Amino acid sequence: MNERIQLNRTDTYRFEIPQSGEMNVPARIYSDQAGIDNLSSSEGEWSALQQLVNVACLPGIQRAALAMADIHPGYGFPIGGVGAFDPADGVISVAGVGFDINCGVRVLRTMLTRNEIAGKEERLADKLMEHVPAGLGSTGELRLNEKEIDRVLERGASYAVGLGYGTSDDLGFIESSGKLDGADPSTVSKTAKQRQIQQVGTLGSGNHYVEVQYVDEIYDQEAAEAYGLQPGQLTIMLHTGSRALGHQIGTDYLKTLEQASKKYKIPIRERELVCAPINSPEGKTYYSAVMAGANIAFANRQVLTHLIREGFEDALGVGHDDIETLYEIGHNTVKFEEHEVDGQLKNLLVHRKGATRAFGPGRLEIPPRYRHVGQPVLVGGTMGTSSYILRGTDFGMDETFGSALHGAGRAMSRRAAKKQYPAKDVVNRMRQLGITVRAHGKHAISEEAPGAYKDIESVIDVMHGSGVVQKIARVKPLVCLKG
Amino acid sequence: MPWELLDHQADVGLQSTGKTLDDALADGVRGLLALMVDPQTVHPRDTIEIEASGTDPGSLYVDLLNAVLAAKDIHAMFFHDVAVDSLSRERNEWHLTCRLTGERIDLARHDVESDVKAATYGGLRARQDEHGWLLRCVLDL
């Protein structure tokens, strides 16, 4: 149901939908006027603003339903959406997490500079293609049986390290050390586990990628030093998630939570927002399953990190030790976190759908090396533009429950992009820009063409200007491998 | 057109129509199969049976599409076509069994299109009028 939505501009970077009708809180969107105009003009049947209003109507939501500057329509929650819920009367929602549970980004920093790989980009791209399984129908080299899958569900990235994929040094720089507590393998169906057997250590497709980048600009010297970043340095960005196991958890619990929505008479405005009270048996079970799914995503990125290192070694003779994990953060998550609301410290369940955690300085969840400057926030752009490394701020802790954007945000449907951007043209354009592109899926290049996304610079400027995050470094692509 | 893809900024809508609910469900599956891989490049060598259930035709549609996605991964197969064997309803419980024909994934031969993560309740519609049934939902890509 789409209704007429009143949208007020509250300052340069914020718009608000005032609380009215069934809304329990107002809704806030981080955007400039152009972003809102684009959003409004593209509002068809699937409306991101309507989805945000629907989230604001959910029981137990705190302060405001939030949308980051990369907002676009999803299902249930808009992508770029954040909702924090009080366990006393709040809910947990499948659409607030998404089907690709704990889809996220890892950034690796290398000891190499851009100049050192000049002329070797094609070879590096080919070797990465060889080592990183990607695309629909691809299978991983690591085959686990169901019992072993259970161990991954419990232990996350550390299980992969135990098998020789990367080292324990990586773990300290992954959100929650690559393992979420509360994961219960018995809450994950046999179907989900069977679907994963061949997919551990695979990139997937769609917007999942491995990108070799270089540091183009540093904005904050102190934080850049803490993150180990220098101009010209080669970095690697990996974007993938929990693969089929995560998708199946979403599928299984869609049914469970639909029944729970009826059982507990939760006033949801759209069926796609099915949810359960956080403290109900259904809510707790789904939470345990999501933690397990998140651990699979951590393990997947850990295995892929190892395979990327192998690709670099094969192509350039670079040792595995010369490629370190800078940080890894999920952007399809639900987690209990302490936040202050109206002067009161509360343990809230924070849903981030296409939004990342962005904790400010001092939080114990941040690795000690970065704690004084704040958590690295990893934002993937497009294959032809830029990506960003930001940091969380105290201001963001107060205003967005320590949350920020996750990418540029789509501006065009995949079908429209396919028509408008023939793959050959995109590859040629990228070549002119000095970017080497490889893709497994025949539509991946068209669908993920830079023009299909919002302008990353504007989106970042909004979030930086709002004070929720601060720019640390801009990185630009050199080699891009698409799923 | 028995099935068609609808524009969605991040994902894609899958709409299916048919004179009967069986037809609309089967054509929805055909749409999903064609979205992932050109069915003409997949030989119908093997048959597997899948089941789906729902509290109404809409949730049955979503469950069926997700059952197809699970079968693809579990059996490591792509599919050529689907045939509905039975569709039953007992009070608010709808149940369907169908057969998928296809073969083991062979990336050298199969013309792969796009991966689909899941069928969602996003934009879910299940409507019957004098022309037959219309089913629709958003697929997470």
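Here is a walk through a predicted model, starting with chain B and then moving into one sheet of chain A.

Let's take chain B as a whole. Its secondary structure adds up to 2 helices and 8 strands, and if you trace the elements from the N terminus they come in the order β-β-α-β-α-β-β-β-β-β. The radius of gyration of chain B is 14 Å, close to the 14 Å that the globule rule gives for 141 residues, so chain B is as compact as a globular protein of that length. If you'd like a box to picture, the C-alpha trace of chain B spans about 45 × 35 × 25 Å along its principal axes. As for the inside, 52% of the 141 residues of chain B count as buried. And when you look at contacts in chain B between residues at least 6 apart in sequence, 66% of them link residues at least 24 apart.

Now over to chain A, where 7 strands make up an open sheet with mixed pairing, in the order 1-2-3-4-5-13-12. The edges belong to strand 1 (8-11) and strand 12 (332-341) of chain A; each has a single partner strand, so one side of each is left without a neighbour in the sheet. On average, and ignoring direction, neighbouring strands here are turned by 40° against each other.

Zoom in on one pair in that sheet. Strand 4 (residues 65-75) and strand 5 (residues 77-85) of chain A pair in the antiparallel sense, over 4 bridges. To find your place in the pairing, look for His72(A), which stands opposite Ile79(A) in strand 5 of chain A.

Next come the helices that meet these strands. Helix 2 (residues 48-56) of chain A lies across strand 2 (14-17), strand 3 (27-30), strand 4 and strand 5 of chain A, and runs at about 110° to strand 4 of chain A. Helix 15 (residues 456-466) of chain A packs on the sheet too, touching strand 2, strand 3 and strand 4 of chain A, and its direction makes about 145° with that of strand 4 of chain A.

Let's finish on a single residue, Gly35(A), which sits in helix 1 (residues 33-41) of chain A. Is Gly35(A) buried or exposed? Gly35(A) has 23 other C-beta atoms within 10 Å, and a residue counts as buried at 20 or more, so Gly35(A) is buried. Leaving aside residues up to four places away in sequence, Gly35(A) touches Ala69(A), Ser458(A) and Val462(A). Take the contact with Ala69(A): the two residues are 34 apart along the chain, yet their C-alpha atoms are separated by 7.7 Å.

Methods:
Residues are numbered from 1 along each chain as its sequence is written. Chains are lettered from A and ligands numbered from 1 in the order in which they are written. This is a predicted model: local features need pLDDT of at least 70, side-chain atom pairs count only at pLDDT 80 or more; totals for chains, interfaces and linings use all residues. The radius of gyration is taken over C-alpha atoms; the globule rule is 2.2 Å times the number of residues to the power 0.38. A residue is buried if 20 or more other C-beta atoms lie within 10 Å of its own, exposed if 12 or fewer, and partly exposed in between; C-beta atoms are placed from the backbone. Two residues are in contact if their C-beta atoms, placed from the backbone, lie within 7 Å. Two strands pair if DSSP finds at least two bridges between them. Axes are lines fitted to C-alpha atoms, for helices over the stretch in contact, and angles run from 0 to 180 degrees between N-to-C directions.
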